[in-house]
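Work through the exercises below with the sequence and the 3D structure at hand. Each task is followed by its solution in steps.

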Amino acid sequence: MQQVSLGNTGLMVSRIGLGLAALGRPGYMNLGHARDMADGVSVEAMEARAHRVLDAAWTRGVRYFDAARSYGRAEEFLASWLRSRGIAAEAATVGSKWGYTYTAGWRVDAEVHEVKDLSAAVLARQAAESRSILGAHLDLYQIHSATLESGVLADPAVAAGLAELKNEGVRIGLSVTGPAQAETLRRALEVEWEGSPLFDAVQATWNLLEPSAGAALGAAHAAGMGVVVKEALANGRLTERNQAPEARRTLSALRGEAGRLGTTVDALALAAVLAQPWAHVVLSGAAAERQLAANLGALEAGWDDDAADRLRGMVEAPEAYWAQRGRLRWN
Ligand SMILES: NC(=O)c1ccc[n+]([C@@H]2O[C@H](COP(=O)([O-])OP(=O)(O)OC[C@H]3O[C@@H](n4cnc5c(N)ncnc54)[C@H](OP(=O)(O)O)[C@@H]3O)[C@@H](O)[C@H]2O)c1
């Protein structure tokens, strides 16, 4: 798989990376998560599944891995895999995130799955945890779901904590979420520490239903930031798993284009991201090896202008898209 430089970070990434949100804990809000976990959710079973998907990804050339403190044991599973396969720190690029604390206690029916607190105190605690688990493998540390109203981008104690990490060689990023992703990112582009931009990379949602952050991501790319795309499949809504009656027209349009290009619906949606000139790496959120294999079809999917023209009508108003995402059930 083609490897590219993640903006000016000095890190190399594969065009498709693997996100571990669905692999690190028994409950997640992707559409059919429960079905993917049907063969067991003990810690041992989940670690073995995560390792199988990581092995398959590695074999196909995936070299970027995305975790977070709140993804259950994702950091631990990634670290045990890197260790057991003897993968050197320079051979893979690893990003993780701080700001949410996992509170589900390995239960799918937990009342609260994660608690958000973007304070300097949480940064200090979670950075120490992530570094003790991932050691020299931790390349990029991101604010998890920064928003303007959280105030995190204006907090001098957080900026000082991030700068300290940066001085120690960890690249600093933020992930953004919600209908105001673009505004948050544009504000982040202005944040400086001692005269230089603080943020090295951004992780944002961009997909065929919600492309509103595109122009801001172009600006981030032009400014030298690394650009990572998440939720390219709209949490499973852009896959055959989506049986919602209101999605029938969208899925049928996608299926038509996928058929014309000889690929699958999920691969086509990922290929749409790969075709964006500002995208360095797009995350596969595969929960199983067969999903990963289908997702990697994006590399050969041949996204073209006709597909872009015909699928433009799928775009949803950002508020409607994020409201729908907010209704996805943990399973
Ligand atoms: N705020 C943040 O920083 C943030 C937020 C979200 C995600 N992320 C990162 O981005 C990564 C990807 O995001 P995501 O997993 O939320 O969303 P996604 O990539 O939009 O959706 C992935 C889901 O789509 C389904 N899927 C994929 N291929 C499929 C196939 N061939 N057939 C049927 N279903 C298929 C699977 O869900 P089911 O099998 O469960 O249906 C899979 O878990 C995460 O792992 C995480 O690393 C970061």
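**Exercise 1.** Which atom of the ligand lies 2.7 Å from a polar side-chain atom of Q291?

*Solution.* This is a predicted model, in which local features need pLDDT of at least 70 and side-chain atom pairs count only at pLDDT 80 or more, while totals for chains, interfaces and linings use all residues. Residues are numbered from 1 along each chain as its sequence is written, and side-chain values use heavy atoms, with hydrogens and water left out.

Step 1. The partner of Q291 is an oxygen atom of the ligand. Such a pair is a polar contact (N or O atoms within 3.5 Å).

Step 2. Look for further pairs. A nitrogen atom of the ligand has a polar side-chain atom of Y71 at 3.4 Å. N235 takes part through a polar backbone atom, 2.8 Å from an oxygen atom of the ligand.

Step 3. Turn to the cover. On its own the ligand has 900 Å² of accessible area (Shrake-Rupley method, 1.4 Å probe). The protein covers 95% of that area.

**Exercise 2.** Describe the shell of residues around the ligand.

*Solution.* Step 1. The shell has 32 residues (a heavy atom within 4 Å of the ligand). Among them, N30, G32, D36, D66 and R241 are the closest.

Step 2. Sort by class: ten are nonpolar, 14 polar and eight charged. Here Asp, Glu, Lys and Arg count as charged, and Gly is among the polar residues.

Step 3. Sort by element (DSSP runs: helices of at least four residues, strands of at least two). α1 (33-36), β8 (138-146) and α10 (289-296) each give two or more residues to the shell. The largest share, three residues, comes from α10.

**Exercise 3.** Where does the ligand sit?

*Solution.* Step 1. The ligand sits in the largest pocket; to sit there, more than half of its atoms must lie within 2 Å of the grid points. A pocket is an open set of points on a 1 Å grid, with protein on both sides within 12 Å along at least five of seven lines.

Step 2. The volume of this pocket is about 1000 Å³.

Step 3. Its lining (residues with an atom within 4 Å of a point) has 48 residues, and Y28, M29, N30, E231 and N235 lie nearest the centre. α10 gives the most to this lining, with four residues.

Methods: Polar contact = N/O pair within 3.5 Å; in protein donor to acceptor, adjacent residues only side chain to side chain. 1 Å grid on protein atoms, 1.4 Å probe; cavity = no way out; pocket = protein on both sides within 12 Å on 5 of 7 lines; lining within 4 Å. Points joined across faces, edges and corners; volume = space filled by probe spheres on them.
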